[in-house]
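Hi,

Here is the structure I promised to pass on. Have a look at it first, and then read my notes underneath.

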Amino acid sequence: MMTPMRYVLLVLAIIISLHYILSFSHEGYGKATSFKSIAGQLQLGSGQDPEPPYKTPIPEDYIHPQKEIDPLQRKANATFVVLARNGDLQGVIASMKQMEDRFNKEFEYPWVFLNEEPFSDEFKHRTREITNAPISYGLIPRDNWYQPDFIDEEKAKAAREKMVKNNVIYGGSVPYRNMCRFNSGFFFRHELLQNYRYYWRVEPDVKFFCDIHYDPFLIMEDNNKVYGFTVSLYEYEATIPTLWNAVKEFLEENPGVTPENNAMAFLSDDNGESYNRCHFWSNFEIGDLDFWRNETYMKFFDFLDQKGGFYYERWGDAPVHSIGAALFARKDQIHFFEDIGYRHEPFQHCPQGEAHSRGKCWCDPNDNFDYQWYSCLKRYDALF
Ligand SMILES: Nc1nc2c(ncn2[C@@H]2O[C@H](COP(=O)(O)OP(=O)(O)O)[C@@H](O)[C@H]2O)c(=O)[nH]1
Ligand SMILES: *[C@@H]1O[C@H](CO)[C@@H](O)[C@H](O)[C@H]1NC(C)=O
Ligand SMILES: *[C@@H]1O[C@H](CO)[C@@H](O)[C@H](O)[C@H]1NC(C)=O
Ligand SMILES: [Mg+2]
């Protein structure tokens with residue numbers, strides 16, 4: 001039998017030893033992981049800035065050199081091109097990282113960035129971090145960007161206000177119109193693009209879903225393609241009310257500019273009388289710069305530009321490029337890049353069947369715009 005006194009002593013002893021054990025282990029644990037204590041054990045001076053203890057340096061010969069995959073042993077004369085503002089940086093980086101991972105770290109095509117304002121040091125630093133390929137940053141000449149003097153600003157302003165009232169997307173924006181005009185008629189003339197034949201346009205905040213283990217630029221070059229797309233759809237009528245009239249006028253004034261086997265049937269269901277508003281979505285483009293630099297397209301752009309529709313309406317570079325490609329190239333020169341999984345909000349092309357597996361694509365094959373009601377792909381298919 002324990003006396004009450006003994007009982008109290010025993011409980012006290014247990015409490016004391018528990019406290020001792022706990023405080024010891026706590027202190028020991030704290031000491032073992034404390035950075036200061038390790039620094040102390042290594043006898044580092046307190047003013048030094050030692051490597052954290054968890055950071056084991058990786059020996060040089062553990063680092064895999066980047067795999068050279070160049071099965072054809074040749075490259076195309078090509079570059080990526082990104083039009084962006086400094087404020088688009090994070091979205092640009094996100095797109096660029098995916099492009100590098102899915103494709104370009106194997107191929108190392110250069111990147112060209114264009115802006116009407118100088119790129120910031122941060123923009124340059126952050127983009128350079130993403131790639132080993134050459135990068136250049138170009139300033140857009142003023143005349144290629146800002147609203148030209150021949151535009152009647154009163155008339156343009158009234159048009160913008162009307163579009164805002166009608167909730168037309170970007171309807172009130174002058175910079176957006178500058179962007180559409182620049183992409184329609186000027187990007188391919190920029191000095192940084194003079195030395196390239198092919199380009200791949202990349203926008204901020206897009207997704208590339210699949211590994212691309214072949215070179216799309218060589219597909220263009222070897223098959224004499226001029227325009228490649230992944231998504232096509234209908235344009236908003238409110239942005240282009242008089243565009244097709246201008247196109248018809250140009251064709252009447254310039255007979256013979258459309259080759260046989262063109263893709264007019266993609267644009268029009270009545271042999272050119274009216275525009276069905278189908279266009280390739282130009283936020284993704286793989287194209288031939290020399291095609292845009294050709295006198296026919298340049299003349300076409302100048303004609304449209306003089307009509308003022310980039311400012312009096314809100315003509316987009318997507319319908320302008322699409323009409324140019326469909327009318328001035330043969331239909332077989334326009335390529336659907338079926339195996340490139342791509343998303344720009346709010347639509348995506350997700351490769352189907354075998355192509356989905358081959359590309360190790362991560363998009364849901366059921367989420368695919370190709371034959372949704374608002375897609376124009378069926379009209380492209382019907383060309384062939
Ligand atoms: N430098 C510059 N780039 C622009 C401007 N506006 C749009 N962009 C770029 O033009 C492209 C299309 O613009 P975005 O805002 O994505 O238009 P959306 O795709 O039609 O909604 C993107 O690459 C943008 O970064 C601008 O005012 N200046
Ligand atoms: C690349 O293409 C451009 C435009 O066609 C051309 O001027 C240039 O000479 C080409 N460069 C090479 C190396 O073929
Ligand atoms: C423009 O394109 C047409 C049709 O493809 C071609 O015949 C002509 O030679 C091109 N012009 C130039 C300057 O390359
Ligand atoms: Mg965009």
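**The magnesium site**

One thing to keep in mind: this is a predicted model. The magnesium ion (ligand 4) has E203 (OE) and H344 (NE2) as its protein donors, and they lie 1.9 to 2.2 Å from it. Now find those two residues along the chain: E203 is in the loop between strand 4 (198–201) and strand 5 (207–208), while H344 is in strand 11 (residues 342–344), so the pair ties together parts that are 141 residues apart in sequence. Are E203 and H344 buried or exposed? Both E203 and H344 turn out to be buried.

**Around ligand 1**

Next, scroll over to ligand 1, which sits in the largest pocket. How many residues surround ligand 1? There are 14, and the closest are L83, D88, E116, Y170 and Y176. Helix 6 (residues 174–185) gives the largest share of that shell, with 3 residues.

Some polar atoms are worth picking out here:

- E116 has a polar side-chain atom 2.8 Å from a nitrogen atom of ligand 1.
- A84 uses its backbone instead: an N or O atom there lies 3.1 Å from a nitrogen atom of ligand 1.
- Y170 places a polar side-chain atom 2.5 Å from an oxygen atom of ligand 1.

As for how much of the ligand is hidden, ligand 1 on its own has 560 Å² of accessible area, and the protein covers 86% of that.

Cheers

Key:
Residues numbered from 1 in each chain as written. Chains lettered and ligands numbered in written order. Predicted model: local features only at pLDDT ≥ 70, side-chain atom pairs only at ≥ 80, totals over all residues. Heavy atoms only, no water. Donors = N, O, S within 2.8 Å, 3.2 Å for Na, K, Ca; no water. Helix = DSSP H or I, 4+ residues; strand = E, 2+ residues; numbered from the N terminus. Buried < 20%, exposed > 50% of the residue type's maximum accessible area, 1.4 Å probe, protein only. Near = heavy atom within 4 Å. Polar contact = N/O pair within 3.5 Å; in protein donor to acceptor, adjacent residues only side chain to side chain. Areas by Shrake-Rupley, 256 points an atom, 1.4 Å probe, with all protein chains shown as cover. 1 Å grid on protein atoms, 1.4 Å probe; cavity = no way out; pocket = protein on both sides within 12 Å on 5 of 7 lines; lining within 4 Å. Sits in = over half its atoms within 2 Å of the grid points.
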